[in-house]
Structures are given as C-alpha cells and as structure tokens.
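Trainee: Could we go through this model together?
Mentor: Happily; let us put it up on the screen.

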Amino acid sequence: QVKLVESGGDSVQAGGSLRLSCTASGNIISINAMGWYRRAPGNERVLVASFTTGGATNYADSVKGRFTISRNDAKNTVDLQMNSLKPEDTAVYYCSAVVATTLYENRYWGQGTQVTVSS
C-alpha cells in the first residue's frame, strides 16, 4: 500500500507565496514521474509541474517562472514553491507519483490540498 499526503495549502492574497509538500510512504521500491496537478472549480485536473522518469522537469505554461518543483528522493518528498500567486491559481492541488512496489508499478494520488488566492 502506498500513500501520498499533501500539506501546505492555504488562503493568500494575490502576489503571495505558498509552499506545498507531498510525502510518499508505504512499500516503495522506487518513485518515478512525481509531480503536482490541480483542479480549478468546473475544470478538469491538469498538470502543474512534474519530474519525468528521467529527472527532467515539466511546467504548465501558466506557472513557468513563478512555480518551482523540487524533490528529495531520500525522504520520498516532492515540493512545489509557488510565488507571485494569482487568483487563477485557485484550485485543489494534487500530488501524484508513479511508484514501483514489490508487486507492480502504479500511479498514486494524494487527497488534495486547497489553495485559494484572493485579489
């Protein structure tokens, strides 16, 4: 069993910053393609930022230059530093990871953490 737990969501004013953290735990052999997604009200869940299996980073165009993703493989964590937040960044943010266990490899999701940016 693998579990992803996010933290750091909050309500902030436009222009502010937040740092989201996600910790993976369980019967983990390796973690690949770890990243962050978000779902704004009435919209589908979309990629915000991620590490690919090869370690490269991907960012949504809307967050480039404002958000930075980082990971600590020793601690099985991935963080998202969000600066210059805008009201349109308001969403539920989800951590996701492709995790290899002793039995199989699968994609897992956290429960989500709410980020609200007011103008």
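What follows is a short talk about the core and the salt bridges.

Mentor: This is a predicted model, where local features need pLDDT of at least 70, side-chain atom pairs count only at pLDDT 80 or more, and totals for chains, interfaces and linings use all residues. Residues are numbered from 1 along each chain as its sequence is written, and side-chain values use heavy atoms, with hydrogens and water left out.

Trainee: Which strand gives the largest share of the largest nonpolar core?
Mentor: A nonpolar core is a set of buried Ala, Val, Leu, Ile, Met, Phe, Trp, Tyr and Cys residues joined through side-chain atoms within 4.5 Å; buried means under 20% relative accessible area, exposed over 50%, partly exposed in between (1.4 Å probe, protein chains only). This one has 31 residues, and W36, L80, M82 and Y93 touch the most other members. Strands are DSSP runs (E, at least two residues), numbered from the N terminus. The largest share, five residues, comes from strand 9.

Trainee: Which residues are linked in a network of salt bridges?
Mentor: A salt bridge puts a side-chain nitrogen of Lys or Arg within 4 Å of a carboxyl oxygen of Asp or Glu. D89 pairs with R38 at 3.0 Å, N to O, and with R66 at 2.7 Å, N to O. The network therefore comprises R38, R66 and D89.

Trainee: Is D89 buried or exposed?
Mentor: D89 lies in the loop between strand 8 and strand 9, so its pairing with R38 in strand 4 ties together parts 51 residues apart in sequence. With 1% relative accessibility, D89 counts as buried.

How values were computed
Helices (H or I, at least four residues) and strands (E, at least two) are DSSP runs, numbered from the N terminus.
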